[in-house]
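Welcome, and please open the structure in your viewer. This short tour suggests what to select at each stop and tells you what is there.

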Amino acid sequence: MSQKKTNYTDFVGEVQHRIEAGTQAEAVRTVRAVLETIGERVDEGGATDIASPLPMEIDRYLLGVDHGQGYDFDEFVGRVHERLNYDDLDLDTGYGKPAEIDESEAVFRIKAVTALLAETVPGGELANVEAQFPDEFDELFELVDAESTPWEEASS
């Protein structure tokens, strides 16, 4: 059974809901920060596996980076954290610039996006990618298949 490609607006909207972002721009920034960093950490085949069911506007974040970098969990979080907080030169002042995000919030956002990827990407393809991460990265996948998640608890 082939999975229907996810719609960009739905994907970003779901991320916005999960991280309780005030703006869509902040949700896009989060998606970009997490996916670019995952794309760097996995090999090109892994990045392609995850990218294929994603909307074209998002899959480029996974594909347009230098793949197969073997850094550890702290470096992964550090890179996402930095990407969440950098200034985009091509954006008008203030637009899309989030409040300073700390590392624990960055980790939460990584988990939120990873859990959504797990719901979007067929299981086998995500498992191939998950296998490329050492055990110290297990925390990233903590909310994948979790009984309850912060965003579900908030809406109930």
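**First stop: an enclosed space**

Sorted by class, the residues lining the largest cavity are six nonpolar, one polar and no charged. Keep in mind as you look around that this is a predicted model. To see the lining, select Ile38, Thr114, Leu117, Leu126, Val129, Phe133 and Phe141. Now colour the helices: α6 (103–120) and α7 are the elements that give two or more residues to this lining. How much volume does the largest cavity have? It comes to about 30 Å³, and the count is one cavity of 30 Å³ or more.

**Second stop: the aromatic rings**

Keep Phe133 and Phe141 from the lining selected, then add Tyr71, Phe73, Phe76 and Phe137. Ring pairs link these six names, Tyr71, Phe73, Phe76, Phe133, Phe137 and Phe141, into a cluster. A pair of aromatic rings is described by the distance of the centres and the angle of the planes. The structure holds seven aromatic pairs.

Begin with Tyr71 and Phe76, whose rings form a tilted pair, 6.4 Å from centre to centre and with 40 degrees between the planes. Are these two residues buried or exposed? Tyr71 has a relative accessible area of 8% and is buried, while Phe76 counts as buried at 0% relative accessibility.

Stay on Phe76 and turn to Phe137. Here the pair is edge-to-face, with 5.7 Å centre to centre and 90 degrees between the planes. Where do the two partners sit along the chain? Phe76 belongs to helix α5 (residues 73–85), whereas Phe137 lies in the loop between α7 (123–130) and α8 (150–155). They are 61 residues apart, and the pair links distant parts of the chain. Phe137 is buried, as is Phe76.

**Third stop: one side of a helix**

Next, select helix α3, residues 44–51. Which of its residues are buried? They are Gly46, Ala47, Ile50 and Ala51. These buried residues are on the same side of α3 because they cover an arc of only 130 degrees around the axis. An α-helix has 3.6 residues a turn, so residues three or four places apart point the same way.

To finish, show the surroundings of that side. The buried residues of α3 pack against α2 (24–41), α4 (56–63), α6 and α7. You have met two of these helices before: α6 and α7 also give two or more residues each to the lining of the largest cavity.

Terms used:
Residues numbered from 1 in each chain as written. Predicted model: local features only at pLDDT ≥ 70, side-chain atom pairs only at ≥ 80, totals over all residues. Heavy atoms only, no water. Phe/Tyr/Trp six-rings, centres within 6.5 Å; stacked < 30°, edge-to-face > 60°. Buried < 20%, exposed > 50% of the residue type's maximum accessible area, 1.4 Å probe, protein only. Helix = DSSP H or I, 4+ residues; strand = E, 2+ residues; numbered from the N terminus. 1 Å grid on protein atoms, 1.4 Å probe; cavity = no way out; pocket = protein on both sides within 12 Å on 5 of 7 lines; lining within 4 Å. Points joined across faces, edges and corners; volume = space filled by probe spheres on them. Nonpolar A, V, L, I, M, F, W, Y, C, P; charged D, E, K, R; others polar. Arc of directions from axis to C-beta. Contact = heavy atoms within 4.5 Å.
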